[in-house]
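Work through the exercises below with the sequence and the coordinates open. Each task is followed by a solution in steps.

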Amino acid sequence: MSNQSFEQTVMVFIKKHQLLKEEATIVVGVSGGADSIALLHYLCTLRDKWKLHIAAVSVDHGLRGRQSAEDVKFVEQLCALWQVPFVKEKVDVKKEKNKLQEGTQLVARKLRYRVFEKVMEQFDADYLALAHHGG
């Protein structure tokens, strides 16, 4: 599949499901993984044509030590290169897990979405864009 046909396929999907509107403000959750980087990059390619306002947010859950911090730094550098406002937030999953008596992934998700909500309010965002892979 060529890049053009891929882009056309994605655009048809976006329009069919009314996933975007012109001049929208989008907060993109970016972990540093391939899926979220691809999503951010794709939205950046639409930025001028759709007059989009894009901001990225990366959450360090504090679960992978230095590797987590390096992922956030990588995203921050990409955002600077692509001229995307960037917000980073560190959360303490282990501490919150002990308080809530819930599983690590559930607590991480709850904390992550609290950050997303805060950043969406900060930018008065219309959309939250997240990349998920099937796996």
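**Exercise 1. The helix before Asp-124**

Task: In this predicted model, state the sign of phi at Asp-124, which follows H5. Then describe the length of H5 and its buried residues.

Solution.
- Step 1. Asp-124 comes after H5 and has a positive phi, near 50°.
- Step 2. H5 spans residues 104–123, which is 20 residues. From its first C-alpha to its last it reaches 29 Å, close to the 28 Å expected at 1.5 Å a residue.
- Step 3. The buried residues in H5 include Val-107, Ala-108, Leu-111 and Val-115. Phe-116, Val-119 and Met-120 are buried in H5 as well.
- Step 4. The cover over these buried residues includes strands E1, E2, E3 (86–90) and E4 (127–129), together with helix H4 (93–100).

**Exercise 2. The largest nonpolar core**

Task: Find which residues of the largest nonpolar core touch the most other members, and which element gives the most to this core.

Solution.
- Step 1. The core holds 23 residues, and Leu-40 and Leu-46 touch the most other members.
- Step 2. Two or more residues come from each of helices H1 (3–16), H2 (34–50) and H3 (66–81), and from each of strands E1 (25–29) and E2 (53–60).
- Step 3. Among these elements, H2 gives the most to the core, with seven residues.
- Step 4. Leaving out residues up to four places away in sequence, Leu-40 touches Val-28, Val-30, Ile-54, Ala-56, Cys-79, Trp-82 and Val-84.
- Step 5. Another core, of 14 residues, lies apart from this one; Val-59, Val-91, Met-120 and Ala-125 are among its members.

**Exercise 3. Cysteines**

Task: How many disulfides are there? Explain the result for Cys-44 and Cys-79.

Solution.
- Step 1. A disulfide is a covalent bond between the sulfur atoms of two cysteines. The cut-off for the pair of sulfur atoms is within 2.5 Å.
- Step 2. By this rule the count is zero. For Cys-44, the nearest cysteine sulfur is that of Cys-79, 7.5 Å away.
- Step 3. The sulfur of Cys-79 has that of Cys-44 as its closest cysteine sulfur, and because they are 7.5 Å apart, this is too far for a bond.
- Step 4. Both side chains can be placed by accessibility: Cys-44 is buried, at a relative accessible area of 14%, and Cys-79 is buried at 0%.

**Exercise 4. Ser-58**

Task: Is Ser-58 buried or exposed? List what Ser-58 touches.

Solution.
- Step 1. Ser-58 is in strand E2.
- Step 2. Its relative accessibility is 1%. The cut-off for buried is under 20%, so Ser-58 counts as buried.
- Step 3. Not counting residues up to four places away in sequence, Ser-58 touches Val-30, Ser-31, Val-72, Val-75, Phe-86, Val-87, Lys-88 and Glu-89.

Note on methods:
Residues numbered from 1 in each chain as written. Predicted model: local features only at pLDDT ≥ 70, side-chain atom pairs only at ≥ 80, totals over all residues. Heavy atoms only, no water. Core = buried A, V, L, I, M, F, W, Y, C linked by side-chain atoms within 4.5 Å. Buried < 20%, exposed > 50% of the residue type's maximum accessible area, 1.4 Å probe, protein only. Helix = DSSP H or I, 4+ residues; strand = E, 2+ residues; numbered from the N terminus. Contact = heavy atoms within 4.5 Å. Expected span 1.5 Å × (residues − 1).
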